[in-house]
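Student: Could you take me through one part of this protein slowly and carefully? I would like to look closely at the charged side chains that pair up with one another, and then see how the places around them fit into the whole.

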Amino acid sequence: MPLLTLADILWGVILTIWVGIVTLYISKIISKYTSVYVARKAIHMLGGGVVAVVSPFVFTSPLVPIIASYTLMTYLIVRRIKDGIMGWFQEKDNYGEIFYTFSYGTLLLIMWVIDGNYWSTKDVFIPLLPILYMSFGDGVTGIIRNYVYKRRVKGFWGSVGMAIVCIPLGYYLFGLYGAISGIIATVVEALPLVDDNLSIPFISFLFLYSVIKLF
């Protein structure tokens with residue numbers, strides 16, 4: 001199976017444009033009527049989350065999503081340094097969007113290095129499920145907390161929202177192991193030790209890979 005096809009390039013362009021629209025326009029409207037925090041979570045879900053859902057069905061390999069993730073990460077870093085933050089979704093001392101794009105591409109790359117054929121099997125969801133947790137689970141959690149607590153704070157109801165999204169999703173894709181990974185993602189998100197965009201994807205990926213591929 002080829003690493004790159006014309007269809008891959010076309011889908012890469014389409015999805016890049018979509019992420020650009022979400023980031024530069026849709027999230028700006030959301031921020032205007034809600035908050036910067038909700039706008040960030042909207043980008044996670046509508047941008048990265050949507051791409052994660054469709055990627056295994058439209059790309060012949062993880063090459064384009066990996067390149068796109070690192071390219072976007074580089075753009076966000078350079079933009080911060082050169083022009084400052086994009087205030088409708090970025091915050092001065094919060095680098096979550098950079099960690100998000102790093103985790104996104106790195107999980108896909110790590111799995112590719114381990115198993116060069118994973119993209120054409122159900123194993124494609126070993127790295128993608130943690131990305132979905134990071135995108136939709138954490139996204140829903142953040143929005144709930146924004147409206148329940150009126151500020152950015154870890155709280156019970158946010159964790160409930162995370163569990164409601166992650167546990168059924170994990171069970172649907174990988175049965176009991178997937179459900180456990182959803183619980184792990186929920187617990188990890190509630191711990192204020194490391195940025196969620198690093199801890200959620202990498203720890204849940206480590207668990208999934210270990211129980212599915214090593215045992």
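Tutor: Let us start with the pairs themselves: the count of salt bridges comes to six, where a salt bridge is a side-chain nitrogen of Lys or Arg within 4 Å of a carboxyl oxygen of Asp or Glu. Please keep in mind throughout that this is a predicted model, and that the distances below are computed from it.

One of these bridges is formed by R40 and E97, whose side chains meet with a nitrogen-to-oxygen distance of 3.2 Å. Here the bridge links distant parts of the chain, since R40 belongs to helix 2, which covers residues 36–58, while E97 belongs to helix 4, which covers residues 96–114, and the two are 57 residues apart. Are these two residues buried or exposed? Both R40 and E97 are buried. The pair also does not stand by itself, for R40, R80 and E97 are linked in a network of salt bridges.

A second bridge brings together the side chains of D123 and K213, with 2.7 Å from N to O. This pair, too, links distant parts of the chain, as D123 sits in the loop between helix 4 and helix 5, K213 sits in helix 7 (residues 196–214), and 90 residues separate them. The two partners can be compared with the cut-offs for burial, by which a residue is buried under 20% relative accessible area, exposed over 50%, and partly exposed in between. D123 has a relative accessible area of 13% and is therefore buried, whereas K213, at 35% relative accessibility, counts as partly exposed.

A third bridge joins R145 to E189, and their closest N and O atoms are 2.7 Å apart. Because R145 lies in helix 5 and E189 in helix 6 (residues 156–190), this pair ties together parts of the chain that are 44 residues apart in sequence. Both R145 and E189 are buried.

Now let us look at S159, a residue of helix 6 that touches both members of this third bridge. Leaving out residues up to four places away in sequence, S159 touches T141, R145, T186, E189 and A190. With a relative accessibility of 16%, S159 counts as buried, because that value falls under the 20% cut-off. The C-alpha atoms of S159 and A190 are separated by 6.6 Å, although the two residues are 31 places apart along the chain.

The second bridge has a neighbour of this kind as well, namely L208, which is placed in helix 7. When its neighbours within four places in sequence are set aside, L208 is in contact with I126, L129, P130, F174, Y177, G178, S181 and K213, and K213 is the residue that pairs with D123. L208 has a relative accessibility of 0% and so counts as buried. The C-alpha atoms of L208 and F174 lie 8.8 Å from each other, and these residues are 34 apart along the chain.

A further residue of helix 6 to look at is G182, which also counts as buried, at 0% relative accessibility. Beyond residues up to four places away in sequence, G182 touches Y133, C166 and I167. W119, by comparison, is 63 residues from G182 along the chain, and their C-alpha atoms are separated by 22 Å.

Finally, we can place these details within the whole protein, which has seven helices and zero strands. Buried residues make up 49% of its 215 residues, and among contacts between residues at least 6 apart in sequence, 72% join residues at least 24 apart. For 215 residues, a compact globule would have a radius of gyration near 17 Å, and the protein has 17 Å, so the two agree. The C-alpha trace spans about 45 × 40 × 25 Å along its principal axes. As for the surface, the protein exposes about 10500 Å², of which carbon and sulfur atoms supply 74%. To return to charge, which is where you asked me to begin, the protein has 15 positive and 11 negative charges, and the mean positions of these two groups are 8 Å apart.

Technical notes: Residues numbered from 1 in each chain as written. Predicted model: local features only at pLDDT ≥ 70, side-chain atom pairs only at ≥ 80, totals over all residues. Heavy atoms only, no water. Helix = DSSP H or I, 4+ residues; strand = E, 2+ residues; numbered from the N terminus. Rg over C-alpha atoms; globule rule 2.2 N^0.38 Å. Buried < 20%, exposed > 50% of the residue type's maximum accessible area, 1.4 Å probe, protein only. Contact = heavy atoms within 4.5 Å. Areas by Shrake-Rupley, 256 points an atom, 1.4 Å probe, with all protein chains shown as cover. Lys, Arg positive; Asp, Glu negative; His and termini not counted. Charge placed at Lys NZ, Arg CZ, Asp CG, Glu CD.
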